[in-house]
Amino acid sequence: MATPKQIWEQQQSQMQRVKNSGIIGSNETPMKDDKEEEMAKSALALFRAKEEEIERKKMEVRDKVETYMGRVEEATRRLADIRGELDALIDPMRKDVAFLRKKIDTVNRELKPLGQSCQKKEREYKEALEAFNDKNKEKTQMVSKLMEVVSESERLRMKKLEELSKSIETLS
């Protein structure tokens with residue numbers, strides 16, 4: 001597309017060619033000069049009108065572009081706000097989830113040795129309980145045996161006392 005300056009230069013060169021073509025001769029008449037001047041003025045007016053129309057359309061397009069850019073910038077700002085809100089919603093949840101997962105992992109690591117310790121102590125407890133029960137059973141058996149021995153001893157002593165008592169009675 002030609003610029004306004006190029007269009008004006010083309011129109012000037014056309015006017016120059018018209019002047020040089022012989023339409024306007026050496027014996028110019030004032031009427032022909034007026035006609036030429038009028039043609040030049042109308043060409044210039046036409047050129048100015050076209051230039052003004054081009055400038056007006058250029059301004060219209062610029063205004064439309066600026067309006068559209070304003071809407072695009074507003075939409076961009078709104079989208080940035082929405083993204084910020086979305087990030088704000090997602091971020092705390094991610095942090096909480098990550099924090100809880102780390103705590104769970106830590107507790108799991110602590111549970112493993114505690115579980116092993118518990119199993120070991122449970123085995124030790126069972127062994128100690130079994131030893132305790134065995135000793136208690138042994139004690140019970142010994143107490144029973146002691147009771148039998150004491151009873152037998154008392155019975156024998158009573159018997160001996162009775163014999164001695166009979167012997168004393170026989171002596172008297």
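This is a short walk through the structure, from its overall make-up to its surface patches. The model is a predicted one.

Start with the whole protein. The protein has two helices and zero strands. Helix α1 covers residues 4–20. Helix α2 covers residues 30–171. The protein has 172 residues, and 2% of them count as buried. Its accessible surface comes to about 16,000 Å². Carbon and sulfur atoms account for 58% of that surface.

Now look at helix α1. Gln11 sits in this helix. Is Gln11 buried or exposed? Gln11 counts as buried, because its relative accessibility is 16% and the cut-off for buried is under 20%. What does Gln11 touch beyond its neighbours within four places in sequence? With those neighbours left aside, Gln11 is in contact with Ala43 and Phe47. Ala40 also belongs in this picture. Gln11 and Ala40 are 29 residues apart in sequence. In space, their C-alpha atoms are 9.3 Å apart.

Move on to Leu44. Leu44 has its place in helix α2. Its relative accessibility is 28%, so Leu44 counts as partly exposed. Gln12 is 32 residues away from Leu44 along the chain. Yet the C-alpha atoms of Leu44 and Gln12 are separated by 8.9 Å.

Next come the charged pairs. Side chains of opposite charge can pair when their charged atoms come close. How many salt bridges are there? The count comes to six. Three of them are worth a visit, one after another.

Take Glu53 and Lys57. These two form a salt bridge, and their closest N and O atoms are 3.5 Å apart. That distance meets the salt-bridge rule, because the rule asks for a side-chain nitrogen of Lys or Arg within 4 Å of a carboxyl oxygen of Asp or Glu. Glu53 and Lys57 are four residues apart in helix α2, so about one helical turn separates them. Glu53 has a relative accessible area of 36%, so it is partly exposed. Lys57 is partly exposed as well, at 45% relative accessibility.

Arg56 and Glu60 make another salt bridge. Their closest N and O atoms are 3.1 Å apart. Why are Arg56 and Glu60 separated by about one helical turn? They are four residues apart in helix α2, which means a separation of about one helical turn. Arg56 counts as partly exposed at 45% relative accessibility. Glu60 counts as partly exposed too, at 37%.

Further along helix α2, find Glu152 and Arg155. Arg155 forms a salt bridge with Glu152. The closest N and O atoms of this pair are 2.2 Å apart. Here the two residues are three residues apart in the helix, and about one helical turn separates them. Arg155 counts as partly exposed at 45% relative accessibility. Glu152 is partly exposed, with a relative accessible area of 34%.

Two surface patches complete the tour. One is nonpolar. Which residues form it? Val61, Val65 and Met69 do, on the surface. Together they have about 260 Å² of accessible area. Val61 has its place in helix α2.

The other patch carries negative charge. Glu124, Glu127, Glu130 and Asp134 gather there on the surface. Look at one of them, Glu127. Glu127 lies in helix α2. Is Glu127 buried or exposed? Glu127 counts as exposed, because its relative accessibility is 54% and exposed means over 50%.

Put the pieces together. Gln11 in helix α1 is buried and is in contact with Ala43 and Phe47. Helix α2 holds the salt-bridged pair Glu53 and Lys57, the pair Arg56 and Glu60, and the pair Arg155 and Glu152. The surface also bears a nonpolar patch that includes Val61 and a negative patch that includes Glu127.

Definitions and conventions: Residues are numbered from 1 along each chain as its sequence is written. This is a predicted model: local features need pLDDT of at least 70, side-chain atom pairs count only at pLDDT 80 or more; totals for chains, interfaces and linings use all residues. Side-chain values use heavy atoms; hydrogens and water are left out. Patches are made of residues with over 30% relative accessible area and no salt bridge: like charges are joined within 9 Å, nonpolar side chains (Val, Leu, Ile, Met, Phe, Trp, Tyr) within 5 Å. Accessible areas come from the Shrake-Rupley method with a 1.4 Å probe; for residues, only the protein chains shown count as cover. Lys and Arg count as positive and Asp and Glu as negative; His and the chain ends are not counted. The place of a charge is taken as NZ of Lys, CZ of Arg, CG of Asp or CD of Glu. Buried means under 20% relative accessible area, exposed over 50%, partly exposed in between (1.4 Å probe, protein chains only). Contact means heavy atoms within 4.5 Å.
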